[in-house]
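Let's take a quick walk through how the strands and the helix in this fold are put together. Have a look at the model first.

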Amino acid sequence: MAADNVLKAIGLTRDFRGFRAVDSVNLEIARGSIHALIGPNGAGKSTCFNLLTKVLQPSAGTILYDGRDITRTSPANVARMGVVRSFQISAVFGSMTAIENVRMGLQRRRHGDSWDFWRSEKVLAGLHEEAMELIVAVGLQDHAHHVADDLSYGRKRALEIATTLALDPKVLLLDEPMAGMTQDDVHRITELIRKVAAGRTVLIVEHNLSVVASLCDRITVLARGKVLAEGEYKDVSQDPRVIEAYIGVPHA
Ligand code: ADP
Ligand code: MG
């Protein structure tokens, strides 16, 4: 039986003015898995994410989502189909409260850019309820009515995940969700990712290898744009090529 891959990249390649940042990468992301993309800085991890979400156009290669070729699909349509990259904090509206931010995400999913729905009290009440569920899901229930700018860094990342979940992704891509976090926040976000991964597929770039070890089913290691190793953490972490690629990297 063929593996059930929700996302597949074949020969994915991206050049930046003659520099090959991503070089013939093959990726198979199993449906329902948490899959890590790791590797030294500059390995091409973020570029891969941008290619898979079509924010960047590949120079060569093919991307399949649920068996459908999305290599030439627009980023908006890819997102609509369910492949969503977590927004950066800069995309959270700082002057709006946590729950208002989540409600914005829900509105975008339901109504696109139309503002007509504002006229319906019933629609608004329904959105509020659903937004509150997401706020609770990411552990921000005590902060729902706090302005986003006043939230701690870790809570802002949780809010960012909630606004992303509002788009109901089938495949959720998280690029270094723990970057700059305290140990407490790392623990909280790890548990949050485990929770939101239920019923979806998560692709995560993460430098914290103990997080990767505890959270992820499969790991792909990139170095200089190429796949260096692929497999379960216990195997990949023993691979001499992987160890070498990480020498001198403090988080190895
Ligand atoms: P990672 O996320 O693994 O740290 P990136 O995907 O951000 O790596 O970058 C891979 C390589 O591609 C780096 O050498 C980076 O400088 C280069 N790169 C990334 N984006 C661009 C761009 N828009 N223009 C030119 N070079 C880029
Ligand atoms: Mg990066």
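## Before we start

A word on terms: two strands count as paired if DSSP finds at least two bridges between them, and a strand here is a DSSP run of E covering at least two residues. Keep in mind that this is a predicted model.

## The sheet as a whole

Four strands make up an open sheet, with antiparallel pairing and the order 2-1-4-5. Strand 2 and strand 5 (68-69) sit at the edges with a single partner strand each, so one side of each has no neighbour in the sheet.

## The hairpin

Strand 1 (residues 5-16) and strand 2 (residues 19-30) pair up antiparallel through eight bridges. Within this pair, K8 faces E28 of strand 2.

What links the two strands? They form a hairpin, with two residues between them. R17 sits in that turn and has a positive phi of about 40°.

## From strand 1 to strand 5

Strand 1 also pairs with strand 4 (residues 60-65), again antiparallel, by way of five bridges. Here A9 is opposite I63 of strand 4.

Carry on across the sheet and you get to strand 5, which is joined to strand 4 by two bridges, running antiparallel. Which residue is the bridge partner of L64 in strand 5? That would be D69.

## The helix on top of the strands

Helix 1 (residues 45-52) lies across strand 1, strand 2 and strand 4. Relative to strand 1, helix 1 runs at about 115°.

Terms used: Residues numbered from 1 in each chain as written. Chains lettered and ligands numbered in written order. Predicted model: local features only at pLDDT ≥ 70, side-chain atom pairs only at ≥ 80, totals over all residues. Heavy atoms only, no water. Contact = heavy atoms within 4.5 Å. Axes fitted to C-alpha atoms, helices over the stretch in contact; angles between N-to-C directions.
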